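Work through these exercises with the model open beside you. Try each task before you read its solution.

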Amino acid sequence: MGRYLIRRVLWAVVLFFAVTVVSYVLFYLIPANPAKAACGQACTQAEVARVAHYLGTDRPIYVQYGKFVGRLMPVSFTDGPHFKTPSLGNSFYNRQPVNTLVLQAAPVTISLVFGGVILWLLLAIPIGILSALRPRSLLDRGSMTFVLIGISTHPIWIGLIFAYFFGYKLHITPITGYADMIHPPHGEPGGPVQWAYHMILPWMTFAILFAALYARMIRANVLETMNEDYVRTARAKGAPESRVLRSHILRNAMLPIVTMLGMDIGLALGGAVFTETIYSLPGLGRTSIQALNNYDTPTVLGVIVFATVAIIFFNLIVDLLYAWIDPRIRLA
């Protein structure tokens, strides 16, 4: 286990630097001038040059990337080695620390993603299992219709439909906005109840596509596992059907689902931008779009760093869950 974790951590470090290098090169190749965007259209060439020197964008790309990596390191060797807080730099647009911008937006996106994950699993697991246990039944056909609708529709269209009917017509939920669960601004709604109330529609919108995909995958895996020799052997030995389903069918059928979940949580971080845009959620998606419009490289890279670390972390958790779900798998 120890050797496995060391290998995965080393691979995660390599992957992290690879993602940041590619992102930095792509931003460097974009024919845009962040200094001009930060200075404004009325600035002269001399003023733009001074802003570029202040921001550091007039230096070679390897110098800029070296400073970026140096700020991320938890140890500084200037004036002797000492620990420091990793920094993502300051925004080109408003000069605020990118750490602050990311930490303000990340809880919103995390709330959206994890709430959506719980909701799509609560929908997909019973639908997939019941459809597999009763193939070609009315329930199975209805669930496949749900899968077809979920896969075929775009989150923006689903969000607009939900916002129109549940928010505008029925007045059941808010159409837009976010309520902070812990530290709401003065005069604005907050607390766990208001937080969940404002997140109902975003969670539903976010979960529909993944719930449809997972229901289809679970159904196929359960149907395939039910025909395995060890399942027939367990039934022939007189094992109760509930035990066969729990210990032999579901435990093996869920292994590919765990794999998908680890990858899809990372994919969901990127896909959250659509849902955040529809419901005006101040998450990482909206932050990155605003940064892209302003050619704010540090802020965009801050979001990329956060997403990269999250994806690496969740894939590591998935690999560790493998051994618990299937003892035949050995991490070493």
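**Exercise 1. Describe the overall fold.**

Task: Find what share of the contacts with a separation of 6 or more joins residues 24 or more positions apart. Then list the helices and strands, the span and the burial of the chain.

Solution.
- Step 1. Residues 24 or more positions apart make up 67% of the contacts with a separation of 6 or more in the protein chain.
- Step 2. Keep in mind that this model is predicted.
- Step 3. Count the elements: the protein chain has 13 helices and two strands.
- Step 4. Take the span of the C-alpha trace along its principal axes: about 85 × 55 × 35 Å.
- Step 5. Check burial: 39% of the 332 residues count as buried.

**Exercise 2. Map the nonpolar cores.**

Task: Which residues touch the most other members of the largest nonpolar core? Which helix gives the most to this core?

Solution.
- Step 1. The largest nonpolar core holds 45 residues, and Trp-120 and Phe-206 touch the most other members.
- Step 2. Trace the suppliers. The helices α5 (98–133), α7 (155–169), α8 (192–226), α9 (229–236), α10 (241–253), α11 (255–278) and α13 (297–325) each give at least two residues.
- Step 3. Helix α8 gives the most, with 15 residues.
- Step 4. Look around Phe-206. Beyond its neighbours within four places in sequence, Phe-206 contacts Leu-112, Val-113, Gly-116, Trp-120, Ala-268, Gly-271, Ala-272 and Thr-275.
- Step 5. Now find the second core. This separate set has 17 residues, including Tyr-24, Phe-68, Leu-88 and Val-303.

**Exercise 3. Classify a helix pair.**

Task: Decide how α10 runs relative to α11: roughly parallel or roughly antiparallel?

Solution.
- Step 1. Take the geometry: α10 and α11 pack at an angle of about 30°, and their axes are 4 Å apart.
- Step 2. Apply the cut-off: angles under 35 degrees count as roughly parallel. Therefore α10 is roughly parallel to α11.
- Step 3. Name the contact residues. Helix α10 uses Arg-251, Asn-252 and Ala-253, while α11 uses Leu-255, Pro-256 and Ile-257.
- Step 4. Sort them by class: four are nonpolar, one is polar and one is charged.
- Step 5. Add a residue from another helix. Asn-221 is in helix α8. Leaving out residues up to four places away in sequence, Asn-221 touches Ala-253, Pro-256 and Ile-257.
- Step 6. Is Asn-221 buried or exposed? Its relative accessible area is 10%, so Asn-221 is buried.

**Exercise 4. Sort the aromatic pairs.**

Task: How many aromatic pairs are there? Classify the pair of Phe-16 and Phe-17, then the pair of Tyr-65 and Phe-68.

Solution.
- Step 1. The count is ten aromatic pairs.
- Step 2. The Phe-16 and Phe-17 rings are 5.6 Å centre to centre, with 75° between the planes. Planes over 60 degrees apart count as edge-to-face, so this pair is edge-to-face.
- Step 3. Compare accessibility. Phe-16 is buried at 14% relative accessible area; Phe-17 is partly exposed at 27%.
- Step 4. The ring centres of Tyr-65 and Phe-68 are 6.2 Å apart and the planes are at 35°, so this pair is tilted.
- Step 5. Place Tyr-65 and Phe-68: both are in helix α4 (residues 61–72), three residues apart, about one turn of the helix. Both are buried.
- Step 6. Look for a cluster. Ring pairs link Trp-120, Phe-206, Phe-210 and Tyr-214.

**Exercise 5. Examine two loops.**

Task: Where do Arg-95 and His-171 lie, and what is the sign of phi in Arg-95 and in His-171?

Solution.
- Step 1. Start from the background: most residues other than glycine have a negative phi.
- Step 2. Arg-95 is not a glycine, yet has a positive phi of about 65°. Arg-95 is in the loop between β2 (82–83) and α5, and is partly exposed at 32% relative accessibility.
- Step 3. His-171 also is not a glycine, and has a positive phi of about 55°. His-171 lies in the loop between α7 and α8 and is exposed at 61% relative accessibility.
- Step 4. Return to the loop between β2 and α5, where Asn-90 lies. Asn-90 is partly exposed, at 33% relative accessible area.
- Step 5. Leaving out residues up to four places away in sequence, Asn-90 touches Arg-95, Gln-96, Pro-97, Val-98 and Pro-298.
- Step 6. Asn-90 and Pro-298 are 208 residues apart along the chain, with their C-alpha atoms separated by 6.6 Å.

Key. Residues are numbered from 1 along each chain as its sequence is written. This is a predicted model: local features need pLDDT of at least 70, side-chain atom pairs count only at pLDDT 80 or more; totals for chains, interfaces and linings use all residues. Side-chain values use heavy atoms; hydrogens and water are left out. A nonpolar core is a set of buried Ala, Val, Leu, Ile, Met, Phe, Trp, Tyr and Cys residues joined through side-chain atoms within 4.5 Å. Buried means under 20% relative accessible area, exposed over 50%, partly exposed in between (1.4 Å probe, protein chains only). Contact means heavy atoms within 4.5 Å. Axes are lines fitted to C-alpha atoms, for helices over the stretch in contact, and angles run from 0 to 180 degrees between N-to-C directions. Angles under 35 degrees count as roughly parallel, over 145 as roughly antiparallel, 65 to 115 as roughly perpendicular and the rest as oblique. Ala, Val, Leu, Ile, Met, Phe, Trp, Tyr, Cys and Pro count as nonpolar, Asp, Glu, Lys and Arg as charged, and the others, Gly among them, as polar. Rings of Phe, Tyr and Trp (its six-membered ring) pair if their centres lie within 6.5 Å; planes under 30 degrees apart count as stacked, over 60 as edge-to-face and the rest as tilted.
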